[in-house]
Protein chains: 2
Amino acid sequence: MFTGWVTNTLDAKGRLAIPARFREVLAQKGDERLVVTASDKCLVAYPIEEWNALIEKVAKLSQFNPKVQDFRRYFVSSGTEYSLDRQGRILIPSSLRETAGLTGQVQLVGMQSNFEIWDKDRWLQDRERIRQDFGDLSSVMAELGL
Amino acid sequence: MFTGWVTNTLDAKGRLAIPARFREVLAQKGDERLVVTASDKCLVAYPIEEWNALIEKVAKLSQFNPKVQDFRRYFVSSGTEYSLDRQGRILIPSSLRETAGLTGQVQLVGMQSNFEIWDKDRWLQDRERIRQDFGDLSSVMAELGL
DNA sequence: CCACTTTTCCCCACTTTCACCCACCAGGAC
DNA sequence: GTCCTGGTGGGTGAAAGTGGGGAAAAGTGG
């Protein structure tokens with residue numbers, strides 16, 4: 001399980017160190033490869049296994065539903081496999097860096113089965129938005145049975 | 001499987017380098033030929049094998065259904081076979097270049113069994129449109145069981 | 001049918017990017 | 001203090017991408 005918030009820096013070559021804690025999760029799965037994909041405000045990283053499970057589900061949806069097409073074109077298409085280098089980093093290609101607005105400081109956010117990669121400033125803003133919303137959020141959770 | 005986003009440039013002669021990662025997929029199939037055809041906003045490239053499978057399916061549809069006719073006229077008829085040159089490029093004929101509005105910068109988008117060829121600006125616009133819609137998209141995905 | 005232009009293909013050369021390796025620095029444990 | 005670990009930065013050779021010259025092929029017009 002990926003948990004917690006970590007701030008790392010993206011170096012000039014576009015490399016990002018994966019926190020040791022996250023690497024251990026991968027090591028336990030016996031497969032250190034990651035799939036990184038673009039979401040609307042950030043990037044999302046999945047262990048291969050999790051990603052494949054997701055892809056299979058998408059493959060079963062109607063391929064002619066325009067929403068599904070858009071989802072595939074944006075979210076699925078950007079998903080590419082990366083291996084860690086000897087220092088436990090991945091190289092994030094410029095197209096994904098641009099999409100997610102990654103600059104210097106990067107926030108990694110554990111989301112249990114996967115983790116998100118945010119531009120730090122954007123993360124701080126979004127966190128603030130969620131905080132404002134929290135009261136409302138709580139009632140939705142209650143409705144969902146939590 | 002073709003995955004990920006790659007930006008390459010179309011040179012003055014209309015040649016486009018196929019990313020090495022995509023070429024490997026073709027090499028694994030043992031057939032480096034590609035069929036490129038026009039879709040509504042971009043071009044689509046298929047490995048021969050995939051294209052033939054598609055054609056066979058279309059052949060089974062009613063030849064007198066006007067919609068099928070249009071589909072064949074536009075999508076199927078424009079499909080032409082291209083081989084890679086020694087540098088791993090294909091020459092995109094001017095008719096297809098115009099249709100897809102390809103200028104300098106070109107975006108290649110991996111769509112698993114095939115890949116799309118977009119004019120970069122047009123791609124950015126379309127991506128932005130999808131991104132705006134992402135919240136809505138996500139809820140549709142949730143409804144569909146994702 | 002022939003001359004001419006345009007397009008296509010093949011080759012070579014240059015530039016940029018990437019994968020790999022090593023080195024450094026900061027902080028915590030001993 | 002030293003040792004270790006985690007994160008950061010940089011050099012280097014190979015690979016990928018880019019651009020252009022020139023011969024062959026195809027298309028065009030008289």
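This passage describes the DNA surfaces, the pockets and cavity, and one sheet of a predicted model.

It is convenient to begin with the nucleic acid. DNA strand C is surrounded by residues of both protein chains: A:Lys13, A:Arg15, A:Arg86, A:Gln87, A:Arg89 and A:Leu91 on one side of the list, and B:Lys13, B:Arg15, B:Arg86, B:Gln87, B:Arg89 and B:Leu91 on the other. Of the atoms of this DNA strand that come within 4 Å of the protein, 42% belong to sugar and phosphate. Sorted by class, the surface near DNA strand C holds 8 charged, 2 polar and 2 nonpolar residues. Strand 6 (89–91) of chain A and strand 6 (89–91) of chain B each supply at least two of the residues of this surface.

Chain B provides several polar approaches to the bases of DNA strand C. The side chain of B:Gln87 has an N or O atom 2.7 Å from a base nitrogen. For B:Lys13, a polar side-chain atom lies 3.3 Å from a base nitrogen, and for B:Arg89 the corresponding distance to a base nitrogen is 3.4 Å.

What, then, surrounds DNA strand D? There are 24 residues around this strand, and A:Lys13, A:Arg15, A:Arg89, B:Lys13 and B:Arg15 come nearest. Sugar and phosphate make up 47% of the atoms of DNA strand D that come within 4 Å of the protein. The surface near DNA strand D is composed of 10 charged, 8 nonpolar and 6 polar residues. At least two residues of this surface come from each of strand 1 (5–9), strand 2 (15–17) and helix 1 (20–29) of chain A, and likewise from each of strand 1, strand 2 (15–17) and helix 1 (20–29) of chain B.

Both base and phosphate atoms of DNA strand D appear among the polar contacts. A polar side-chain atom of A:Arg89 lies 2.9 Å from a base oxygen. On the phosphate side, a backbone N or O atom of B:Ala20 is 3.2 Å from a phosphate oxygen, while an N or O atom in the side chain of B:Arg23 lies 3.4 Å from a phosphate oxygen.

Attention now turns to the empty space in the protein. The largest pocket encloses about 1200 Å³. Its lining comprises 34 residues, and those nearest the centre are A:Gln63, A:Phe64, A:Arg72, B:Tyr46 and B:Asn114. Chain A gives two or more lining residues from helix 2 (48–59) and from helix 3 (66–76), and chain B does so from strand 4 (43–47), helix 2 (48–59), helix 3 (66–76) and strand 8 (114–119). In terms of class, 17 of the lining residues are nonpolar, 11 charged and 6 polar.

The second largest pocket holds about 630 Å³ of space. Among its 26 lining residues, A:Ser39, A:Val44, A:Met111, A:Asn114 and A:Glu116 lie nearest the centre. The elements that each supply at least two residues are strand 4 (43–47), helix 3, strand 7 (105–111), strand 8 (114–119) and helix 5 (120–143) of chain A, together with helix 6 (134–143) of chain B. This lining has 16 nonpolar, 5 polar and 5 charged residues.

A search of the whole structure for cavities of 30 Å³ or more finds 1, and the largest cavity has a volume of about 30 Å³. Chain A contributes A:Ser95 and A:Glu98 to its lining, and chain B contributes B:Trp5, B:Thr7, B:Gln107, B:Lys120, B:Trp123, B:Leu124 and B:Arg127. Helix 5 of chain B gives the largest share, 4 residues. Helix 4 (94–100) of chain A and strand 1 (5–9) of chain B also supply at least two residues each. The classes are evenly represented, with 3 nonpolar, 3 polar and 3 charged residues.

Finally, chain A contains an open sheet of 6 strands with the order 1-7-8-4-3-5 and antiparallel pairing. Strand 1 and strand 5 (80–82) stand at the edges with a single partner strand each, so one side of each is left without a neighbour in the sheet. On average, and with direction ignored, neighbouring strands are turned by 30° against each other. Within the sheet, strand 4 and strand 8 of chain A pair in the antiparallel sense over 3 bridges. A:Ala45 has A:Phe115, in strand 8 of chain A, as its bridge partner.

Notes:
Residues are numbered from 1 along each chain as its sequence is written. Chains are lettered from A and ligands numbered from 1 in the order in which they are written. This is a predicted model: local features need pLDDT of at least 70, side-chain atom pairs count only at pLDDT 80 or more; totals for chains, interfaces and linings use all residues. Side-chain values use heavy atoms; hydrogens and water are left out. On a 1 Å grid over the protein atoms alone, a cavity is a set of points where a 1.4 Å probe fits but cannot get out, and a pocket is an open set with protein on both sides within 12 Å along at least five of seven lines; lining residues have an atom within 4 Å of a point. Grid points are joined across faces, edges and corners, and a volume is the space filled by probe spheres set on the points. Ala, Val, Leu, Ile, Met, Phe, Trp, Tyr, Cys and Pro count as nonpolar, Asp, Glu, Lys and Arg as charged, and the others, Gly among them, as polar. A residue is near a molecule or strand if one of its heavy atoms lies within 4 Å of it. A polar contact is a pair of N or O atoms within 3.5 Å; within protein, one must be able to donate a hydrogen and the other to accept it, and residues adjacent in sequence count only if both atoms are side-chain atoms. Two strands pair if DSSP finds at least two bridges between them. Axes are lines fitted to C-alpha atoms, for helices over the stretch in contact, and angles run from 0 to 180 degrees between N-to-C directions.
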